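Trainee: Could you take me through one part of this structure slowly? I'd like a close look at the sheet and what packs on it.

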Amino acid sequence: MIFESDTTLIDLNESLQNALIDYLQEDVAICFDMPDPENPPATPTVSVFLYSVQEDLELRHGITRQFDGSKLIPRKVNLKCDYQITYWEAKSAEPGTGPTASAASQAMRIMNQVINALINNRELKDFPTSYTRVIAPQELTNLSHFWQALGNKPRLCLNFSATVPVQLTDLDESYTEVLDPIIVLEQTTSI
């Protein structure tokens, strides 16, 4: 038997994409992988790279399972999804003249739009129970190693984290309802 998989990760990516589209200028593409530094994208691109998925043990709490009639509702697990968000542009022909050269450069404007999209969508439209945050990259303790592994110079990046509930597989657990509870009281005598 093959169980149907929960699509939360795909839905989360689509929800992030929709949040970014609302804030980014139209000529900026969004991709969900890390572009190759040797072959940068031809158009301005925001990379939303999912680099870590793990159970969020800090948000684990003891919710008792609920019944729907005589059937147990499946449990949920909170998954923490960490994204590295960066801006990529085509290589400039002359050093010092590209999209990152000034204080109000294209890269800074785009990343400003990204941060506004993220902080204004703390509650993602498709995930009313999600917990999102823009945080310091704790898992990537030394960003220079990260960029060195990519073979590229450091660039502005945001670490975005979203904790979303994932429903476990429904095992169709059914139980017989107790319709008429019987309570028996016994009187005890003390000697």
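Mentor: Let's start with one pair: valine 77 has valine 166, in β7, as its bridge partner. Those two sit where β5 and β7 pair in the antiparallel sense, over 11 bridges. (Strands, E, at least two residues, and helices, H or I, at least four, are DSSP runs numbered from the N terminus; two strands pair if DSSP finds at least two bridges between them.)

Before going on, a word on the source: this is a predicted model, where local features need pLDDT of at least 70 and side-chain atom pairs count only at pLDDT 80 or more, while totals for chains, interfaces and linings use all residues. Residues are numbered from 1 along each chain as its sequence is written, and side-chain values use heavy atoms, with hydrogens and water left out.

Now zoom out: the open sheet has 5 strands in the order β1-β2-β5-β7-β6, with mixed pairing. β1 (29–31) and β6 are the edges, each with a single partner strand, so one side of each has no neighbour in the sheet.

Next comes helix α2, which packs on the sheet and touches β2, β5, β6 and β7 (contact means heavy atoms within 4.5 Å). In α2, Ala107, Ile110, Met111, Gln113, Val114, Ala117 and Leu118 are buried, meaning under 20% relative accessible area with a 1.4 Å probe, protein chains only; exposed is over 50%, and partly exposed is in between. They're on the same side of α2 because they cover an arc of only 150° around the axis, taken from the directions from the helix axis to the C-beta atoms. Besides those strands, the buried residues of α2 also pack against α1 (8–21).

Technical notes. Axes fitted to C-alpha atoms, helices over the stretch in contact; angles between N-to-C directions.
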